[in-house]
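Visitor: Please take one part of this protein and go through it closely. I would like the strand pairing and the turns.

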Amino acid sequence: MKIYTALSKLTLLTFLLMAFVVTACKDDEKEPDPQVDNNPIVGTWQLTSVTAETAGTLPLLTQLPTVAPCYLDLKMTFKSDNTLTTADCPVAVLAISQLAPVGDGSTWKVNGDMLNLKSGSTSKDFKFTQTSTELTVVANTQTDATKPAVNALLKFKKL
């Protein structure tokens, strides 16, 4: 009987020791925190105008209301994880995507006064200015191969 009691105690002690070892050896490494960008561009911006930097140099802009009547409804959301989403005017997104890699799945990064937009393997830099309520992006556009490129100004307001 003494051997049975001693073995029971040894078994119980072994079980408790194993339970302690198993729980004490779990992976205590914390998942890294996701990267958060606190740049003031983070937020939702609505397009308010598209104009030529130099008047008269982009006559095709007069067709924008016909081609994409909802273009002033376009919203771009710059998220703190450096992703970019668009909403409310897919036709305008399609038109702008000819100049800039925008759309769902795009990413952004700010470096000084340059905004880098990237979608897949396409990456492009744009000069921009910003206040707490207004954002102006300068898009260089090549409309005629025989003439120098001209700039379009895309102006947004923060929502």
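Guide: What follows deals with strands S4, S5 and S6 and then sets them in the whole chain. This is a predicted model, in which local features need pLDDT of at least 70, side-chain atom pairs count only at pLDDT 80 or more, and totals for chains, interfaces and linings use all residues. Residues are numbered from 1 along each chain as its sequence is written, and side-chain values use heavy atoms, with hydrogens and water left out.

Strand S4 covers residues 106-111 and strand S5 residues 114-119; the two pair in the antiparallel sense over 5 bridges. Strands here are DSSP runs of E with at least two residues, helices are runs of H or I with at least four, and both are numbered from the N terminus; two strands pair if DSSP finds at least two bridges between them. Within this pairing, Thr 107 lies opposite Lys 118 of S5. The hairpin of S4 and S5 has 2 residues between the strands, and Gly 112 in its turn has a positive phi of about 70 degrees.

S5 also pairs with S6 (residues 122-130), again antiparallel, over 6 bridges. Here Leu 117 faces Lys 124 in S6. S5 and S6 form a hairpin with 2 residues between the strands, where Gly 120 has a positive phi near 60 degrees.

As for the whole protein, there are 3 helices and 8 strands, in the order α-β-α-β-β-α-β-β-β-β-β along the sequence. Of its 159 residues, 30% are buried, that is, under 20% relative accessible area with a 1.4 Å probe, counting protein chains only.

Key:
Buried < 20%, exposed > 50% of the residue type's maximum accessible area, 1.4 Å probe, protein only.
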